[in-house]
Amino acid sequence: MIELIAFLGNPGQEYANNRHNAGRLLADILPFAGSLNWQKKYKGLYAGLDRAALGGEGPARFHFLMPETYMNLSGESVQAAAAFFKITPERILVVHDELEIPLGTASFKFSGGLGGHNGLRSMKACFGTPDFWRLRIGIGRPNHDNISGWVLSDFSAAEKPVLDQVLEAAAAALVRALLEGPEKLLPEWNKKRIG
């Protein structure tokens, strides 16, 4: 079962609506977002939530984290929280943007490659393994070679309604993953097209 959920992105208002911040954007619309009391801890913003608040099975408490280390060092924040709560990598879910799947798509995945994602690379470097869960929010590849410019640019006005639909569906799926286990959402959520 998942115990620690990390929403990857970059801190600061200038990055708030970037494609690279899709993970953090999802945190803002969780059905229980109003119940999360974010505090500065573990090199990030941390909030805990008792299982009873969601109902169902799972650990006694869920731990939510938004690293404030910038994307390329986000594993340091996740590792600090995981070490404190004694949570192993396979009980961690990382929510992040994904170049390899198109906008309008989201996907649950366990382990696998890093796809050049600096946040995932940092996670593997800190934990010594890629064996953690991922909830991938598709942002698609640009039709040019400036990948860093693409991920650090904001979603366009035309993309926003699609993104909102994806985030809403992915937030509901995340709740299911916490209550039932993310493996229950496979293969339905293997690159699920939304909208």
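**Exercise 1. Classify Lys 86 by accessibility, then place it and check its backbone.**

Step 1. In this predicted model, Lys 86 has a relative accessibility of 72%. The cut-off for exposed is over 50%, so Lys 86 counts as exposed.
Step 2. Locate it. Lys 86 sits in the loop between helix 2 and strand 5.
Step 3. Read phi. The value for Lys 86 is positive, about 55°, although the residue is not a glycine.
Step 4. Set this against the general rule. Most residues other than glycine have a negative phi.

**Exercise 2. Do the same for Tyr 70.**

Step 1. Tyr 70 has 39% relative accessibility. Partly exposed lies between the 20% and 50% limits, so Tyr 70 counts as partly exposed.
Step 2. Its loop runs between strand 4 and helix 2 (74-85).
Step 3. Phi of Tyr 70 is positive, near 75°, and the residue is not a glycine.

**Exercise 3. Find the cis peptide bond and place its proline.**

Step 1. Look at omega. Between Leu 186 and Pro 187 omega is about 0°, a cis peptide bond.
Step 2. Recall the usual case. Most peptide bonds are trans.
Step 3. Pro 187 belongs to the loop between helix 5 and strand 8 (192-193).

**Exercise 4. Test the length of helix 5, then describe its buried residues and what follows it.**

Step 1. Helix 5 covers residues 160-180, which is 21 residues.
Step 2. The expected span takes 1.5 Å times one less than the number of residues. For helix 5 that gives 30 Å.
Step 3. Compare. The end C-alpha atoms of helix 5 are 30 Å apart, so the two values agree.
Step 4. List buried positions. Among them are Leu 163, Val 166, Leu 167, Ala 170, Ala 171 and Leu 174.
Step 5. Consider the spacing. An α-helix has 3.6 residues a turn, so residues three or four places apart point the same way.
Step 6. Ask what covers the buried residues of helix 5. The cover includes helix 1 (22-28) and strands 1 (4-7), 4 (61-67), 5 (92-98), 6 (105-110) and 7 (133-138).
Step 7. Move past the end. Gly 181 follows helix 5 and has a positive phi, near 100°.

**Exercise 5. Characterise the largest pocket.**

Step 1. Volume: the largest pocket holds about 170 Å³ of space.
Step 2. Lining: the residues include His 20, Asp 97, Glu 98, His 117, Asn 118 and Ser 148.
Step 3. Sources: strand 5 and helix 4 (147-151) each supply at least two lining residues. Helix 4 gives the largest share, three residues.
Step 4. Classes: the lining has six polar, four nonpolar and two charged residues.

Terms used: Residues numbered from 1 in each chain as written. Predicted model: local features only at pLDDT ≥ 70, side-chain atom pairs only at ≥ 80, totals over all residues. Heavy atoms only, no water. Helix = DSSP H or I, 4+ residues; strand = E, 2+ residues; numbered from the N terminus. Buried < 20%, exposed > 50% of the residue type's maximum accessible area, 1.4 Å probe, protein only. Contact = heavy atoms within 4.5 Å. 1 Å grid on protein atoms, 1.4 Å probe; cavity = no way out; pocket = protein on both sides within 12 Å on 5 of 7 lines; lining within 4 Å. Points joined across faces, edges and corners; volume = space filled by probe spheres on them. Nonpolar A, V, L, I, M, F, W, Y, C, P; charged D, E, K, R; others polar.
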